[in-house]
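Trainee: Could you take me on a close look at a single strand and then show me how the rest of the chain sits around it? I'd like one connected walk-through, please.

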Amino acid sequence: MGQIICAGLGPGDPDLISVRADRAIRGARHVAYFRKPGRQGQARRIVEGMLAPDAVEYPMEYPVTTEIPFDSPAYNDLLSAFYDDWADRLATLAQDGDVVVLCEGDPFLYGSFMHLHVRLQGRAEVQVIPGIPGMVGCWNASGTPMTWGDDVLTVLMGTLPEADLARHMAGSDALVIMKTGRHLPRVRRALAAAGRLEDALLVERGTMPGQRIARLADVTAEDCPYFAIVLVHGRGRRPVALPKVAE
């Protein structure tokens, strides 16, 4: 009997994978990863060149992504059946040895693996290897500390109703807004209503090839890829540089 090992891959740069995850990936005989149909998949791209020559790959292709509303019954039914099916497959594979599941960022921070994790309880031994969250890679790429002193950091999903976004944005110091993409116009309007738009940055493909950092106010909605995070840095009690003392 083997384990199902979910390896957190970090924000996208292969150099930011942990030593433990690297070891598990390179030694894996069975490797599963999420992707859109017909695509290589971001997780698979990150580990390019790391898999053993005889490793067997299991692409877990989402039945739906953005084709229908994420809050519709049909969307939930399709994804629920998808996760049920792959939980069954992984549990069966683990009866003969370890299975490594690749997960971008950290598996327990809005990761797709969480839906498998709850379904695998009591059916297989599961190990989760932490990864650097994508937002951490993005705010380090910005070159500016994210929080200071007593700053409150709030993580929001761009899929939230606009009024809820604006309320949270107005009541927090530092902001991370994930799942932007086609929701960018809503995020932009909410930031403007909260008086935070001028401070917002859009980080695209953070730590990955093609990384771009721009002021959100200068970016059009059509110019926002799926892998993008909006950041608003905190402005709390920052250390003040002491005046230079003449010798």
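Mentor: Happy to. Let's begin with strand β8, where five bridges join it to strand β10 (residues 228-232), the two running antiparallel. Please keep in mind that this is a predicted model. Strand β8 also pairs with strand β9 (residues 212-215), again antiparallel, through four bridges. A good residue to click on is Glu204, which has a bridge partner in each neighbour: Ala228 in β10 and Arg212 in β9.

Now look at how covered the strand is. β8 spans residues 200-204, and five of its five residues are buried. In a regular strand the side chains alternate between the two faces of the sheet. For β8, one side carries Ala200, Leu202 and Glu204 and the other carries Leu201 and Val203; all of these are buried, so both faces are covered, buried meaning under 20% relative accessible area.

Step back along the chain from β8 and you come to the loop that links α7 to β8, where Gly195 lies. What a contrast with the strand: Gly195 is exposed, with a relative accessible area of 58%. Gly195 also lets you see how the chain folds back, as its C-alpha atom is 7.4 Å from that of Ala170, although the two are 25 residues apart along the chain.

Helix α7 deserves a stop too. Its residue Arg189 forms a salt bridge with Glu162, with 2.9 Å between the closest N and O atoms. Arg189 belongs to helix α7 (residues 184-193) and Glu162 to helix α6 (residues 162-170), so this pair ties together parts that are 27 residues apart in sequence. Neither partner is buried: Arg189 is partly exposed at 45% relative accessible area, and Glu162 is partly exposed at 30%.

How does this region fit into the whole? The chain is divided into domain 1 (4-132) and domain 2 (135-232). Taken over C-alpha atoms, the centres of the two domains are separated by 26 Å. Where they meet, 12 residues of domain 1 are in contact with 13 residues of domain 2. About 990 Å² of area is buried between them, with carbon and sulfur atoms giving 69% of it. As for charged and polar links across that interface, the rule finds zero salt bridges and one residue pair in polar contact.

Salt bridges do turn up elsewhere, since a search of the whole structure finds 13. One of them is in helix α3 (residues 73-93), where Arg89 and Asp85 lie four residues apart, about one turn of the helix. Their side chains meet with an N to O distance of 2.9 Å. Arg89 is partly exposed, with a relative accessible area of 41%, and Asp85 is partly exposed as well, at 32%.

Another salt bridge joins the side chains of Glu48 and Arg44, at 3.2 Å from N to O. Here the arginine is in a covered position: Arg44 is buried, with a relative accessible area of 12%. This pair also belongs to a network of salt bridges that links Arg44, Glu48 and Glu57.

One more residue is worth a visit, back towards the start of the chain. Gln3 is found in strand β1 (residues 3-8). At 19% relative accessibility, Gln3 counts as buried, because the cut-off is under 20%. The side chain of Gln3 makes a polar contact with the side chain of Gln127 at 3.4 Å. Leaving out residues up to four places away in sequence, Gln3 touches Ala94, Gly97, Asp98, Val99, Glu125 and Gln127.

Finally, zoom out for the overall picture. The chain holds seven helices and 10 strands, and its C-alpha trace spans about 70 × 55 × 35 Å along the principal axes. Of its 247 residues, 48% count as buried. Among contacts between residues at least 6 apart in sequence, 68% join residues at least 24 apart. If you return to β8 with that in mind, you'll find a strand whose five residues are all buried, with bridges to β10 and to β9.

Technical notes:
Residues are numbered from 1 along each chain as its sequence is written. This is a predicted model: local features need pLDDT of at least 70, side-chain atom pairs count only at pLDDT 80 or more; totals for chains, interfaces and linings use all residues. Side-chain values use heavy atoms; hydrogens and water are left out. Buried means under 20% relative accessible area, exposed over 50%, partly exposed in between (1.4 Å probe, protein chains only). Two strands pair if DSSP finds at least two bridges between them. Domain bounds come from an automatic or database domain assignment. Contact means heavy atoms within 4.5 Å. Buried area is the accessible area (1.4 Å probe) that two parts lose on being put together, summed over both. A salt bridge is a side-chain nitrogen of Lys or Arg within 4 Å of a carboxyl oxygen of Asp or Glu. A polar contact is a pair of N or O atoms within 3.5 Å; within protein, one must be able to donate a hydrogen and the other to accept it, and residues adjacent in sequence count only if both atoms are side-chain atoms.
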